[in-house]
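Reader: I am in my first year of study and would be grateful for a close look at a single part of this structure. Could the account begin with one strand and its surroundings, and then move on to the rings and cysteines?

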Amino acid sequence: MNIKNIADGTISLAKKIYGDEFIPLHRPIFEGAETIFLNECIDSNFVSSVGKRVIEFEDNISKYTGAKYSVATVNGTCALHVALEIAGVKPNEEVITQSLTFIATCNAIKYTGSSPVFIDVDKDTLGMSPKSLSKFLEKNTIKKNGFLINKKTNKRISACVPMHTFGNPCRIEEIAKICSDWEIPLIEDAAESLGSFYNNKHTGTFGDLGTFSFNGNKIITTGGGGMIVTNNLDFAKKAKHITTTAKVPHPYEFNHDQIGYNYRMPNLNAALGCAQMEKLEEMLFCKKNVAQNWRELYNRLDVEFLEPLENTSANYWLNGIVLGSKKERDKFLKYTNDKGVMTRPIWKLMSNLEMFKDCQNDGLNNSVWLEERVVNIPSSVPDNMIGN
Ligand SMILES: *Cc1c(COP(=O)(O)O)cnc(C)c1O
């Protein structure tokens, strides 16, 4: 591979799409009713966690994803934390997830007092490999009194959390089937995949619970924000309850029936979310267009462009390429960033971080390989593309 060639091609296409200023990896777009909705909120005095926009934003997400219920939270990490708790994850248990993910997935697991177990990802989706999951479960677990026990640690495995990396759906149907066969609650970390479908079903709706993030760098943003989705009414009620300090509804009395959290999304953030949702379809259309530009470049340069699976419709949140080696990757990163085009390596494996280095893993062959080679390239919707 001629890395200088690839980097030059990347820089010149990035400038063609985004212009000559510094080009970030991903930036938000506010082309809709954002300021109108925000001002309405301020004028109404309902800026905090009670307000009609929160309910409206939840309804929007339910309608769009096809989930029966949605509960808005202050960010995606706490959405995951609460989802895990509701699924029944307790201290000293284990949660299966992938090592190739953003830190939030593992932090949320730790907040419950449980620990992650790391399963390898598929090379094409960068999401949890159903084959590796099956293999791990068959080799390492045993059923005891209705619980699934890890033979090595003697701990209960109480949930499985796959992640849809960069908005490309993982093989979620196969994973859901395995979790159902082994009776493991399934929680999808769909933080990056609003707008991504697998066999026409929205990501985040295959398991018991799914979670989204609306952080500033995600496909739509509420400043900070998250969402729990589920088809289970009991789970939805619990999610709402424990994200609102577990307050027992009453016109004026304070009564709380368990330890809860102050995780409810404020109305201001939800107002932003409602405005952003109005533009989601247009955003997705533009992002497909951006991805097509990158695809053509890298096909021409004979560089692997990360493609979603055929039976999916992806949101192209972040585009990515696979370079030949760690050395080539580092050269590419330095060259492009020096020229004001932001590119970034994929996350360091969670299993290599100090906090998680003692957690069990299955060898993680693909994860290790990908960690050294995958790079993200600028993927925002360009200003001049939306609204035209
Ligand atoms: C963004 C993200 C989250 C949640 O992030 P918040 O910043 O807390 O909203 C969780 N998991 C993944 C994979 C993410 O990319």
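Author: What follows begins with strand E11 and then turns to a second sheet, the aromatic rings and the cysteines. Please keep in mind that the model is predicted.

Strand E11 covers residues 226-230, and 5 of its 5 residues are buried, so the strand is largely enclosed by the rest of the structure. Both of its faces are covered. On one side are Gly226, Ile228 and Thr230, and on the other are Met227 and Val229, all of them buried.

E11 has strand partners as well. Strand E1, made of residues 69-73, runs antiparallel to E11 and is joined to it by 5 bridges. Within this pairing, Thr73 stands opposite Gly226 of E11. Strand E10, residues 209-213, is also antiparallel to E11, with 4 bridges between them. Here Phe212 is the residue that stands opposite Met227.

A second sheet may be described next. In this open sheet, 4 strands follow the order E12-E14-E16-E15, with antiparallel pairing. Strand E12 (304-305) and strand E15 (344-345) are at the edges and have a single partner strand each, so one side of each lacks a neighbour in the sheet. The partner of E12 is strand E14, residues 319-322, and these two pair in the antiparallel sense over 2 bridges. One of the residues involved is Phe305, whose bridge partner in E14 is Ile321. Helix H11, residues 326-338, lies across E14, E15 and strand E16 (374-377), and runs at about 20° to E16.

Phe305 also leads to the aromatic rings, for it forms one aromatic cluster with Trp294 and Tyr298. In the whole structure, a search finds 8 aromatic pairs. One of them joins Tyr198 and Phe206 in an edge-to-face arrangement, with 6.0 Å centre to centre and 85° between the planes. Tyr198 counts as buried, at 5% relative accessibility, and Phe206 is buried too, with a relative accessible area of 14%. Trp294 and Tyr298 form a stacked pair, with 5.8 Å centre to centre and 15° between the planes. These two residues are 4 residues apart in helix H10 (residues 280-301), and are therefore separated by about one helical turn. Trp294 counts as buried at 0% relative accessibility, and Tyr298 is buried with a relative accessible area of 0%.

Charged side chains also meet aromatic rings. Lys201 lies over the face of Phe206, 5.2 Å from the ring centre. Elsewhere, the charged end of Arg53 sits over the ring of Phe37, at 3.8 Å from its centre.

The cysteines remain to be considered. A disulfide is a covalent bond between the sulfur atoms of two cysteines. The cut-off applied to the sulfur atoms is within 2.5 Å, and the count by this rule comes to 0 disulfides. For Cys179, the closest cysteine sulfur is that of Cys160, 3.9 Å away, which is too far for a bond. For Cys170, the closest cysteine sulfur is likewise in Cys160, at 8.9 Å, again too far for a bond. Cys170 is buried, with a relative accessible area of 0%, and Cys179 is buried with a value of 2%.

Note on methods. Residues numbered from 1 in each chain as written. Predicted model: local features only at pLDDT ≥ 70, side-chain atom pairs only at ≥ 80, totals over all residues. Heavy atoms only, no water. Pairing = 2+ DSSP bridges. Contact = heavy atoms within 4.5 Å. Axes fitted to C-alpha atoms, helices over the stretch in contact; angles between N-to-C directions. Buried < 20%, exposed > 50% of the residue type's maximum accessible area, 1.4 Å probe, protein only. Phe/Tyr/Trp six-rings, centres within 6.5 Å; stacked < 30°, edge-to-face > 60°. Lys NZ or Arg CZ within 6 Å of the ring centre and 35° of its normal.
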